[in-house]
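Visitor: I've got a few "how do you know that" questions saved up. Can we go through them with the model on screen?

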Amino acid sequence: MSNFWPEALSRRRLLMAGSAALTMPLFAAQRAVADGGKGIVTLKPAPGLAPIMGSGQAETSVLVYNGMVSGPVLRLAQGKPFQANVINGLDEGTTVHWHGIRLPNAMDGVPGLTQASIKPGGSFHYAFTPPDAGTYWYHPHDHTARQMGRGMAGALIVEEPEPPGFDRDMLWVLQDWELLSDNQIVDGFDNEMEGMMAGRIGTTVTINGTIPTPVSIRAGERIRLRLINACLARFMALRFAGHRVVVMALDGQPVVQPFEPDGGITVIAPAQRVDLLLEATGEPGSKYPITDEFYGNDESYKLVDLAYSESSKLTISTKPIILRLNPVPKPDLTNPVRHQLTIVGGGMSGMGMGGMMGGMMADGNSATPQIWAIKGPDGLNQGMAPILTLPLGRTAVITLINQTKWWHPMHLHGYSFHVLSRNGDAEQYPHIRDTVILRPKDTVEIAFVADNPGDWMFHCHVVEHQDFGLMTVIRVA
Ligand code: C2O
Ligand code: CU
Ligand code: CU
């Protein structure tokens, strides 16, 4: 049916999600971290074991926050100070990046840019006040492919001062894993082969850290379904059989006008979040599959079933559900600074593999063989040197051009940006994101008020692309 991914690029995959007959209780309960009322949480990344394939199956050796995959759900209050003490229990450096939060640069968690990596046994104290309510997440920004790929990712929910009126709040942290038959993770993260192609797309998809079992649902309820794509590289295109879903928020930011996604399919790239309104309009006692169709027919699979309880229908409430817009400054498009950034490189580009671009770098990184780069006003960049400087307080309009044959979810730290247009057409539903998809050959215009000073990473969130050069820094000063 819908084929987002060119057949030529697809690798045949045997997907296990949803196909394993499991008899475990409904769902790993979502574990929120209590902060003892002081607003300070402790996060301890360390090696651990997790029942990824379900109870009774061999546990997987993972890297975890506070012993859990996915990490503990952090619930913050909009506009209220938050603090986290991170104690590194790994045998290598790490940091925590609070993806999507507009926070001070020093709290952004990028080693070598905003802080030093937290050494094994060391700790770092993060403190910020989230200005925006919504669905965010946290993950390491050092050795990202391996640490995130082995499990380190968690949800960060910023709650609205007033509950918006859903009957239920449901959170799905989506991760995928490349597992051997003994349920252990295939090693060799960050290899050049995955780096030049689509990145590591795992064969097992989990929800909140375990292989999905049917999700129980009651006819008539109105659910806020928070989706977080915490995969290294997997895009998803979710179809909800028998249900109409409405997009309420993208990357944490409520949309001005809620809308039904094109063809009923919710596309979610690595690092993106979508908050859906899911109205339980199905029949009591029935099951409805949710399928992921991103990689085309051959590789479509059932993510999970919605399983209606036998109890009779509630009447769907007609009370409006309203997510208030966050205080993201509105770009002044009358007089913006304009820049153009072009993504180049990758497999099948004709530029060849790593090394080909060495020596051409504007940022002095030419020693590392790189596969991808971003072309800015002064040439190719792929490291921590700023590609451009934006004047503090001005509106910036940045035109992003993808000259590669691959999809890239491009992410800017420290900001939420307005997506203005795609290939010359204004976006049908105005929206604000922190990670925007660039399909092959796409040109996308984004705009934001450069009001948050500092050096901010701008990179592809297919982590292997980032690691092989698809990253740079935008300075606001
Ligand atoms: Cu999810 Cu550089 O970030
Ligand atoms: Cu980020
Ligand atoms: Cu990419």
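**Pockets, copper and cysteines**

Guide: Let's start with strand 28, which gives the most to the lining of the largest pocket, with seven residues. Keep in mind that this is a predicted model.

Visitor: What makes a residue part of the lining of the largest pocket?

Guide: A lining residue has an atom within 4 Å of a point of the pocket. For the largest pocket, 24 residues pass that test, and Phe259, Asp262, Val267, Arg422 and Glu427 lie nearest its centre. Strand 15 (245–250), strand 17 (265–268) and strand 29 (435–438) each put in at least two, as does strand 28 (425–433). The pocket's volume comes to about 870 Å³.

Visitor: How do you know where the largest pocket lies relative to domain 2 and domain 3?

Guide: Look at who supplies the lining: domain 2 (171–308) and domain 3 (337–476) both give residues to it, so the pocket lies between them. By residue class, the lining splits into 13 nonpolar, four polar and seven charged.

Visitor: What about the second largest pocket, and which residues are closest to its centre?

Guide: That one has a volume of about 340 Å³. It is lined by 16 residues, with Val256, Lys330, His418, Pro430 and Ile432 closest to the centre. Domain 2 and domain 3 turn up here again, each with at least three lining residues. Strand 28 gives the most here too, with four residues. The class split is ten nonpolar, four polar and two charged.

Visitor: Why are His97 and His411 called donors of the copper ion (ligand 2)?

Guide: A donor is an N, O or S atom within 2.8 Å of this kind of metal. The NE2 atoms of His97 and His411 lie 1.8 to 1.9 Å from the copper ion, so they qualify as donors. Histidine 97 sits in strand 6 (residues 97–99) and histidine 411 in strand 26 (residues 408–412), so the pair ties together parts that are 314 residues apart in sequence. Both histidines are buried.

Visitor: Why is cysteine 231 called buried?

Guide: The cut-off for buried is under 20% relative accessible area. Cysteine 231 comes in at 1%, so it counts as buried. Cysteine 460 has 0% relative accessibility, so it is buried by that test as well.

Visitor: And how many disulfides does the structure hold?

Guide: Zero. A disulfide needs a pair of cysteine sulfur atoms within 2.5 Å, so with a count of zero there is no such pair in this model.

How values were computed:
Residues numbered from 1 in each chain as written. Chains lettered and ligands numbered in written order. Predicted model: local features only at pLDDT ≥ 70, side-chain atom pairs only at ≥ 80, totals over all residues. Heavy atoms only, no water. 1 Å grid on protein atoms, 1.4 Å probe; cavity = no way out; pocket = protein on both sides within 12 Å on 5 of 7 lines; lining within 4 Å. Points joined across faces, edges and corners; volume = space filled by probe spheres on them. Nonpolar A, V, L, I, M, F, W, Y, C, P; charged D, E, K, R; others polar. Domains from an automatic or database assignment. Donors = N, O, S within 2.8 Å, 3.2 Å for Na, K, Ca; no water. Buried < 20%, exposed > 50% of the residue type's maximum accessible area, 1.4 Å probe, protein only.
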